[in-house]
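Visitor: Hi, got a minute to walk me through this one? I'd like to start with what counts as buried or exposed.
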Amino acid sequence: KKNSLCHNFVQDNKSFSSKGVLRGLHFQLPPFEQVKLVECSYGKILDIAVDLRRSSNTFGQYKSTILSHENKLKLYIPAGFAHGFIVLSDFAYFSYKVSNFYNKDFDSGIFWNDQDLNIDWTLNKNEIIISNKDKSLSSFREFENPF
């Protein structure tokens, strides 16, 4: 069921990053969209989920949540959301379950600093470390939305 909170997660992913590393905003396009269950098992991150579902009353809005080994929170991210995070502690161990296998041909994303989304990542721009992949993502306006 697409809107159910019960899912058969098919893959566990893990990431180890140092302070200032920003990953995202990523998502898989249909028919490989993914539900995610994310947590920070060590350290502290700011987790971001952006609603990409055109029919939603929160379309284009984001939710930010601090996840850490201290607060032990997990975040459920429905299909149709872009996801990203930035490491706030010296380093962090981040893990997430996904409901669909990764497919390179359906991998997509939006710029972390998109002006329309106007996300507050809390760190200064000069403290943020971005991969080459994430530097080449599209803007929210350019994104052709299939959700």
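Guide: Sure. Buried means under 20% relative accessible area, exposed means over 50%, and partly exposed is what falls in between. Keep in mind that this is a predicted model.

Visitor: Okay, so where does Phe91 fall, buried, partly exposed or exposed?
Guide: Phe91 has a relative accessible area of 36%, so it counts as partly exposed.

Visitor: And Phe16, buried or exposed?
Guide: Phe16 is exposed, because its relative accessible area is 56%.

Visitor: How many aromatic pairs are there?
Guide: The count comes to 7 aromatic pairs. Take Phe16 and Phe91: their ring centres are 5.4 Å apart and the planes sit at 40°, so that pair is tilted. Phe16 belongs to strand β1 and Phe91 to strand β8, so the pair ties together parts that are 75 residues apart in sequence.

Visitor: Which residues are in a cluster with Phe16?
Guide: Tyr42 and Phe91; ring pairs link them with Phe16 into a cluster.

Visitor: Got another tilted pair for me?
Guide: Phe32 and Phe106 make a tilted aromatic pair, at 4.8 Å centre to centre with 45° between the planes. Phe32 is in the loop between β2 and β3, and Phe106 is in the loop between β8 and β9, so this pair ties together parts that are 74 residues apart in sequence. With a relative accessible area of 25%, Phe32 is partly exposed, and Phe106 at 26% counts as partly exposed too.

Visitor: Back to β1 and β8. How do they pair?
Guide: In the antiparallel sense, over 8 bridges, with β8 covering residues 91-98. If you want a spot to click on, Gln11 has Val98 in β8 as its bridge partner.

Visitor: What's the strand order in that open sheet?
Guide: The open sheet has 4 strands in the order β1-β8-β3-β6, with antiparallel pairing. The edge strands, which pair on one side only, are β1 (11-18) and β6 (74-77). On average, neighbouring strands of this sheet are turned by 20° against each other, direction ignored.

Visitor: Let's stay in β8 for a sec. Is Phe94 buried or exposed?
Guide: Phe94, which lies in strand β8, is buried, with a relative accessible area of 1%.

Visitor: What does Phe94 touch, apart from residues up to four places away in sequence?
Guide: Its contacts include Asn13, Lys14 and Ser15, then Val38, Glu39 and Cys40, and also His83 and Phe85. For Val38, the C-alpha to C-alpha distance from Phe94 is 7.5 Å, although the two are 56 residues apart in sequence.

Visitor: Switching topic: which residues touch the most other members in the largest nonpolar core?
Guide: That core has 20 residues, and the ones touching the most other members are Leu25, Val50, Leu52, Ile86, Trp121 and Ile128. Strands β2 (21-28), β4 (44-51) and β7 (81-87) each supply at least two residues of this core. Apart from it lies another core of 12 residues, among them Cys40, Ile45, Phe81 and Phe85.

Visitor: What's around Leu52, skipping its neighbours within four places in sequence?
Guide: Leu52 is in contact with several phenylalanines, including Phe27, Phe59, Phe140 and Phe147. Gly80, Ala82, Ile110 and Asn145 are also among the contacts of Leu52.

Visitor: And β4, how many of its residues are buried?
Guide: Strand β4 is mostly covered, with 7 of its 8 residues buried. It pairs with β5 (residues 62-68) in the antiparallel sense over 7 bridges, and β4 also pairs with β7 in the antiparallel sense over 7 bridges. Ile48 shows both pairings: it stands opposite Ser64 in β5, and its bridge partner in β7 is Gly84.

Visitor: Last one: what about Gln28, buried or exposed?
Guide: Gln28 sits in strand β2 and counts as buried, because its relative accessibility is 3%.

Visitor: What does its side chain reach?
Guide: The Gln28 side chain reaches the backbone oxygen of Asn103 at 3.3 Å. Leaving out residues up to four places away in sequence, Gln28 also touches Glu33, Gln34, Phe101 and Tyr102, among others. Phe106, from the tilted pair with Phe32, is one of the residues that Gln28 touches as well.

Notes. Residues are numbered from 1 along each chain as its sequence is written. This is a predicted model: local features need pLDDT of at least 70, side-chain atom pairs count only at pLDDT 80 or more; totals for chains, interfaces and linings use all residues. Side-chain values use heavy atoms; hydrogens and water are left out. A nonpolar core is a set of buried Ala, Val, Leu, Ile, Met, Phe, Trp, Tyr and Cys residues joined through side-chain atoms within 4.5 Å. Buried means under 20% relative accessible area, exposed over 50%, partly exposed in between (1.4 Å probe, protein chains only). Contact means heavy atoms within 4.5 Å. Two strands pair if DSSP finds at least two bridges between them. Axes are lines fitted to C-alpha atoms, for helices over the stretch in contact, and angles run from 0 to 180 degrees between N-to-C directions. Rings of Phe, Tyr and Trp (its six-membered ring) pair if their centres lie within 6.5 Å; planes under 30 degrees apart count as stacked, over 60 as edge-to-face and the rest as tilted. A polar contact is a pair of N or O atoms within 3.5 Å; within protein, one must be able to donate a hydrogen and the other to accept it, and residues adjacent in sequence count only if both atoms are side-chain atoms.
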